[in-house]
Amino acid sequence: MKRTFQTFQTLQTLQAVATVALMVLASPVAGSIVHAQGTPVQSGPPPPPPPAMQLAMRVVSPEVTPDHHIVFRILAAQAKTVGLRAGDIVGLPREGPSFTKDDDGIWSATVGPIDPGAYRYTFLVDGVPTMDPRNPAVSESNTNSWSLVYVPGAEFMDTAEVPHGAVATVTYYSTALARFRRMHVYTPPGYELGGGKFPIFYLLHGSGDCDDSWTSVGRAGFILDNLIAAKKAQPMIVVMPAGHTSTTPLMPGAPRPTRDEFAEDFTTDIVPYVEKHYRALTDRAHTAIAGLSMGGGQTLNISMAHLDRFAYVGVFSAGVFSFGRGGPATPAPPSEWEQQRAGMLDDAALKPGLKLLWFGTGSEDRLMPTTKATIEMLKKHGFTPFFRESAGGHTWINWRNYLAEFAPQLFQ
């Protein structure tokens, strides 16, 4: 009985303490104590953003209209001038479109109609390159980034309701260059489910760009998705490495590097990494390489030095470059280039295994003479290259089309 009474007294004491605690917490003093301890106090809805921020949030840019015009807008109330720097937009004046400014300080310009495709651009605000603050879509280059706008209407590269592959950003360590490097790798739809090996296609970018370029402005992932879904191309792994090994530009008149750092990185590190980490078919019949502009030159440098490794070679808007002290000198391939690769170029036993040697260059491309001179040089060594002369110039408009034509011919 005594133990029961003590227990009852204890319960009464605890109830009294709890009641006092509740009263304290409900008091203004308690509110101050809780606030001081860091617990947020609800005092109504958050204040609205400042008027200038509200105005900026209402700006829509870029706006793609149903008739394929693009409206560019930017809020720059204090700016004296606004311009546009854009790549590949046909018919755009060299100085860009004329912008007008409204009473709210919003500058706007309309261009078009524009052919379907992906286009890079930046604003020039009082002469300063400025990315579009209202557009999250970007495309990287070797030393800068661009805003990106896509005009739909091209079935081969539109985002369609088909199975989609995955594009991974891969960091690897280059033993040839003693530093970490990056590449993008496309794997076909269903790859992540496991099972089976796939052919491999190395796809190289051009001068000034980077490993992001083929998947952003180049639309490579969507192009492959659509081709594979239509059964026009084989499922494949596409490796898009960084062709530049430095962000330091080569100054005019400076001597050309004697060491081909990218070729060393490619053969020593990129290929072994891919073959180790991906379910890739590594024989010659299941290996392809192609590139545009600088990447086309790199493609020829690598493939014609290792012709036993590649059954498919594509050269977009390029050839074997002959550099003088100030840049491209003559279209004719240098004799030392042929001498260094003579064993592969003249090995008749290797030619039957080369299933495709494909060239494509626009009729207005400044590198057309280089392309034609390279084709003639290869014919002299017993090759039978295919040449596709398209309209247009040195632009992504052509390179996306070339990829869509080249990829279906691989691994058939």
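**A quick tour, starting at Glu 338**

Select Glu 338 first and show what surrounds it: leaving out residues up to four places away in sequence, Glu 338 touches Leu 345, Met 377, Lys 380 and His 381. Keep in mind as you click around that this is a predicted model.

Now zoom in on one of those neighbours, Lys 380. Its side chain and the side chain of Glu 338 are joined by a polar contact of 3.2 Å. Next, colour residues 335–340, and you'll have helix 7, the helix where Glu 338 is found. Is Glu 338 buried or exposed? Its relative accessible area is 16%, and because buried means under 20%, Glu 338 counts as buried.

Next stop: helix 6. Select residues 294–303 to bring it up. Of its 10 residues, 9 are buried, so helix 6 is largely enclosed by the rest of the structure. Want to pick out the buried ones? Click on Met 294, then the glycines Gly 295, Gly 296 and Gly 297, followed by Gln 298, Thr 299, Leu 300, Ile 302 and Ser 303.

Last stop: a pocket. Select Val 90, Asp 115, Thr 395, Ile 397 and Asn 398, the lining residues that lie nearest the centre of the second largest pocket. The volume here is about 320 Å³. In total, 18 residues line this pocket; by class, 9 are nonpolar, 5 polar and 4 charged. Which helix gives the most to the lining? Colour residues 396–406 and you'll see helix 10, which gives 4 residues.

Methods. Residues are numbered from 1 along each chain as its sequence is written. This is a predicted model: local features need pLDDT of at least 70, side-chain atom pairs count only at pLDDT 80 or more; totals for chains, interfaces and linings use all residues. Side-chain values use heavy atoms; hydrogens and water are left out. Helices (H or I, at least four residues) and strands (E, at least two) are DSSP runs, numbered from the N terminus. Buried means under 20% relative accessible area, exposed over 50%, partly exposed in between (1.4 Å probe, protein chains only). A polar contact is a pair of N or O atoms within 3.5 Å; within protein, one must be able to donate a hydrogen and the other to accept it, and residues adjacent in sequence count only if both atoms are side-chain atoms. Contact means heavy atoms within 4.5 Å. On a 1 Å grid over the protein atoms alone, a cavity is a set of points where a 1.4 Å probe fits but cannot get out, and a pocket is an open set with protein on both sides within 12 Å along at least five of seven lines; lining residues have an atom within 4 Å of a point. Grid points are joined across faces, edges and corners, and a volume is the space filled by probe spheres set on the points. Ala, Val, Leu, Ile, Met, Phe, Trp, Tyr, Cys and Pro count as nonpolar, Asp, Glu, Lys and Arg as charged, and the others, Gly among them, as polar.
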